[in-house]
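Please look at the model below before reading on. Some questions about its packing and confidence follow, each with a short answer.

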Amino acid sequence: MILDAITIKEVKVKIGEWCKQKRQDHDLSQEELAEALGMSRITLVKVESGKNVNMDTLLKVANHFDALQNIFQWIKQDIDNNNQNSLY
C-alpha cells in the first residue's frame, strides 16, 4: 500500500488553518492576537496563510493556544520510542 506523500507546503497550510481557527474560536482579531504574542499583524498573516515562519513564532502561537505541551509530548515520545530500539 502506497501512502500519499505529505508535503511541507501542506503542513504549513494546515498549521496556518489551525492558527486561524483557534484565533477565531477565541474571538480575536489578527491585530489582537499579534499584540498578545508581541509580533506584528503581518507576521501573523504569514502564519495563517502558510508562508515561511520561524520556529519561535510558531511556538509562540502554539503556547498561546495551549498546544505547546502536546507538541513537546509528541516529540518526546518519538525520541523515547527511538531510544528504546537502540542497540546501545
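The turns below treat a predicted model.

Q: What is the average pLDDT of the protein chain?
A: The model is predicted, and pLDDT is the predictor's confidence in each residue, from 0 to 100. In this chain, 91% of the residues score at least 70. The average pLDDT of the chain is 91.

Q: In which helix is confidence lowest, and in which is confidence highest?
A: At the low end is helix α5, residues 68–84, with a mean of 89. The high end has a mean of 98. Confidence is thus lowest in α5 and highest in α2.

Q: How do α1 and α3 pack, and which class do the angle limits give?
A: Helix α1 (residues 8–25) has its axis 7 Å from that of α3, at an angle of about 120°. Angles of 65 to 115 degrees count as roughly perpendicular and those over 145 as roughly antiparallel, so an angle that falls in neither range, nor under 35, is oblique. Therefore α1 is, relative to α3, oblique.

Q: Which residues of α3 make the contact with α1?
A: By class, this contact has three nonpolar, one polar and four charged residues. On the α1 side the residues are G16, E17, C19, K20 and R23. On the α3 side they are L44, V47 and E48.

Q: Is R23 buried or exposed?
A: R23 lies in helix α1. Its relative accessibility is 8%, and the cut-off for buried is under 20%. R23 therefore counts as buried.

Q: What is the separation of the C-alpha atoms of R23 and F65?
A: Leaving aside neighbours within four places in sequence, R23 is in contact with L28, S29, Q30, L33, L44, E48 and F65. R23 and F65 are 42 residues apart along the chain. Their C-alpha atoms are separated by 8.5 Å.

Q: How is α2 oriented relative to α3?
A: The axes of α2 and α3 are 8 Å apart and the packing angle is about 105°. Since 65 to 115 degrees counts as roughly perpendicular, α2 is, relative to α3, roughly perpendicular.

Q: How many charged residues does the contact of α2 with α3 have?
A: From α2 come Q30, E31, L33 and A34, and from α3 come R41, L44, V45 and E48. Four residues in the contact are nonpolar and one is polar. The number of charged residues is three.

Q: Which residues of α4 make the contact with α2?
A: Helices α2 (residues 30–37) and α4 (residues 55–64) have axes that come within 10 Å and cross at roughly 105°. That makes α2 roughly perpendicular to α4. L33, A36 and L37 contribute from α2. From α4 the residues are K60, V61 and H64.

Q: Which helix gives the most to the largest nonpolar core?
A: The core has nine residues in all: C19, L33, A34, L37, M39, L44, V47, V61 and F65. Both α2 and α3 (41–48) supply at least two residues each. With three residues, the helix that gives the most is α2.

Q: Which residues does V61 touch, not counting residues up to four places away in sequence?
A: V61 belongs to the largest nonpolar core. With those up to four places away in sequence not counted, V61 touches W18, C19 and L37.

Q: Is T57 buried or exposed?
A: T57 is found in helix α4. Beyond four places in sequence, T57 touches M39, T43 and V47. Because the relative accessibility is 10%, T57 counts as buried.

Technical notes:
Residues are numbered from 1 along each chain as its sequence is written. This is a predicted model: local features need pLDDT of at least 70, side-chain atom pairs count only at pLDDT 80 or more; totals for chains, interfaces and linings use all residues. Side-chain values use heavy atoms; hydrogens and water are left out. Axes are lines fitted to C-alpha atoms, for helices over the stretch in contact, and angles run from 0 to 180 degrees between N-to-C directions. Helices (H or I, at least four residues) and strands (E, at least two) are DSSP runs, numbered from the N terminus. Contact means heavy atoms within 4.5 Å. A nonpolar core is a set of buried Ala, Val, Leu, Ile, Met, Phe, Trp, Tyr and Cys residues joined through side-chain atoms within 4.5 Å. Buried means under 20% relative accessible area, exposed over 50%, partly exposed in between (1.4 Å probe, protein chains only). Ala, Val, Leu, Ile, Met, Phe, Trp, Tyr, Cys and Pro count as nonpolar, Asp, Glu, Lys and Arg as charged, and the others, Gly among them, as polar.
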